[in-house]
Amino acid sequence: MQRNKFLDAMILTELEDAVGRENCSSRPIDTASHSVDFYWLSRMWADRGERMPEADVVVCPKDAQEVSKVLKIANYYKIPVTTWGAGGGSQGGALPVAGGILLDTKRMNKIYEVNTEAMYIECGTGAIYKHIEWAANEVGKATMHYPSSLTCSTVGGFLAHRGIGVCSNKYGKIDDMVLQMEVVLPNGDIIYTSPTPKHAVGPDLNQIFIGSEGTLGVITKAQLRIYDQPEVRRFRGFLFQDMHGAFQASKELLQKFKPSVMRLYDEAETASLIKKIVGVEKKGAFMNIAYEGVKELVDVEEKILLETFAKYGAEDLGSEYGEKWWKEKITFFYPGHMMDIPQMFGTMDTIAPYGKIEEIYWAMKNAIETKYPFAKFIAHFSHWYEWGAMMYDRFIIDGEYVPQDPVEALKLHQDVWTTGIRAALEHGGVVNDHHGVGIKLGRFVKEQYGPAMQVLDGIKKNLDPNGIMNPFKLGL
């Protein structure tokens, strides 16, 4: 459809009727502020004086009913819709690259219920996650979902890209914490997933929409599990002489019990970030462990931990370093500690079984540092399972090696990512573990799935035949 100024003005009046004139804006200050998130390319583009693609209008619905009205309008006129939480994403998943409507969810921030009998919080997906944690704390509970961005990201943002927090080893990822969701489909229908996440009534609808990054609809409400606060939470720092020993020790430990936190840093990150933030100045690979729960059980777990790690030559650093790590766990990402422009950087998180994750680490490190001698590759392993581990790996290129021309900088950034992700895929990893795919990595989704991609394509075409929902994201 060919749009024009007159038709755009007519559409704007319909959107204002749907959400209220005060919650609908096409002012340049609003469209511009919703065009850059934490995706490096979007920030670089703006830093170089270029304008990122902007939405035609920003709408702020308050609930599923208003979202439904917006999507019905968008479907009728075949206007792209991009859902925006708090703008903390790193993959460009919330960028309105096709223009159209930017649907800002932050008015949907109501906490509807804190149910200590059924042990869940029901809330709007526009709520900042820290507010959900505070609501749980007020009744003596906790969400146990502590990602580094919990103070500046929404519930919907974590659901959209299948996020994860530092206590995932014991409590799981965000998708393990959801009981039921309210979702608005692209045609405006409001649906509810099953009242329980475990059943035999076909596929789990939660898992179709979690991780779909706004391409299949808009999640507007969720019931999230809450937990009793642990009676005790203990920390222990260890120093391994090599990564292989650390992997073997971790694999054995997880066959015995699940610590809440396990963070293993390679020698490069131990010598830089851990030295700076935690104060470890010894050579080796630093690991922090947290274990928590009923005191009697924690005492037993501590004994098993010390005995297991001693078998692999780990130096016991006691609780001081671990406690400091916990206190500073978000500080790592604050200005002054986190990489920033003019540096070029990225986090290529992947996950694989134990037999492959160490191999992937060396393959990615060698591929990037060989092709780009001016790049530094560092990593830590932050989420563990009985069957494998997740690698939180980064490349860092100092500003002197980053082209000033925005197109050339974009090409270098894309090429580094291609080198790293292809190395991960070739050695048994996946495109991404928990930061999502967005527009940054969409081109790799078909490479990961091959013929299986037709399943995702089929769901997309059935639910969103007009292709209005978050175009060019997730490879859809």
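**Working chat: Lys-221, two linings and a few unusual backbone spots**

Reader: Hi! Which ring does the charged end of Lys-221 sit over?
Author: The ring of Tyr-112, with 4.2 Å from the charged end of Lys-221 to the ring centre. A charge counts as over a ring if NZ of Lys or CZ of Arg is within 6 Å of the ring centre and within 35 degrees of the ring normal. This is a predicted model, so local features need pLDDT of at least 70 and side-chain atom pairs pLDDT 80 or more, while totals for chains, interfaces and linings use all residues. Numbering runs from 1 along each chain as its sequence is written, and side-chain values use heavy atoms, without hydrogens or water.

Reader: Which residues line the second largest cavity?
Author: Both residues of that charge-ring contact, Tyr-112 and Lys-221, are in the lining, along with Lys-62, Asp-63, Ala-64, Met-108, Gly-124, Glu-182 and Thr-220. The volume of this cavity is about 30 Å³, and the model has two cavities of 30 Å³ or more. On a 1 Å grid over the protein atoms alone, a cavity is a set of points where a 1.4 Å probe fits but cannot get out; a pocket is an open set with protein on both sides within 12 Å along at least five of seven lines, and lining residues have an atom within 4 Å of a point. Points join across faces, edges and corners, and volume is the space filled by probe spheres set on them.

Reader: And by class, what is in the lining of that cavity?
Author: Four charged, three nonpolar and two polar residues. Asp, Glu, Lys and Arg count as charged, Ala, Val, Leu, Ile, Met, Phe, Trp, Tyr, Cys and Pro as nonpolar, and the others, including Gly, as polar.

Reader: Where along the chain is Val-155 relative to Lys-221?
Author: The two are 66 residues apart, with 9.0 Å between their C-alpha atoms. Val-155 belongs to helix 6 (residues 155-160); helices (H or I, at least four residues) and strands (E, at least two) are DSSP runs numbered from the N terminus.

Reader: Is Val-155 buried or exposed?
Author: Val-155 is buried, at 0% relative accessible area. The cut-offs are under 20% for buried, over 50% for exposed and partly exposed in between, with a 1.4 Å probe and protein chains only.

Reader: Back by Tyr-112, how do strand 5 and strand 6 pair?
Author: Strand 5 (residues 111-115) and strand 6 (residues 120-124) are antiparallel, with four bridges; pairing takes at least two DSSP bridges. Glu-113 has Glu-122 as its bridge partner in strand 6. Four residues lie between the strands of this hairpin, where Met-119 has its positive phi near 60 degrees.

Reader: How exposed is Met-119?
Author: Met-119 counts as partly exposed, at 22% relative accessibility. Most residues other than glycine have a negative phi, and most peptide bonds are trans.

Reader: Which other non-glycine residue has phi near 60 degrees?
Author: Arg-162 has such a positive phi. Arg-162 sits in the loop between helix 6 and helix 7 (168-171), and is partly exposed at 22%.

Reader: Which residues lie nearest the centre of the second largest pocket?
Author: Arg-162 is one of them, with Gly-211, Tyr-449, Leu-456 and Leu-474, out of 24 lining residues. Helix 8 (205-209), helix 15 (442-449) and helix 16 (453-463) each give two or more residues to this lining. The pocket has a volume of about 670 Å³, and its lining has 13 nonpolar, seven polar and four charged residues.

Reader: New topic: where is the cis peptide bond at Pro-342?
Author: It runs from Ile-341 to Pro-342, with omega near 20 degrees. Pro-342 is in the loop between helix 12 (320-327) and strand 16.

Reader: Which way do the residues of strand 16 point?
Author: In strand 16 (residues 344-347), Met-344 and Gly-346 point one way, Phe-345 and Thr-347 the other, and all are buried. Strand 16 pairs with strand 19 (residues 388-397) in the antiparallel sense over four bridges, with Met-344 opposite Ile-397.

Reader: Last one: how many aromatic pairs are there?
Author: The count is 19, with ring centres of Phe, Tyr and Trp (its six-membered ring) within 6.5 Å; planes under 30 degrees apart are stacked, over 60 edge-to-face, the rest tilted. Phe-381 and Trp-384 make a tilted pair, 6.4 Å between centres and 55 degrees between planes. Phe-381 is buried at 0% and Trp-384 at 1%. Both belong to one aromatic cluster with Phe-247, Tyr-354, Tyr-361, Trp-362 and Phe-377.
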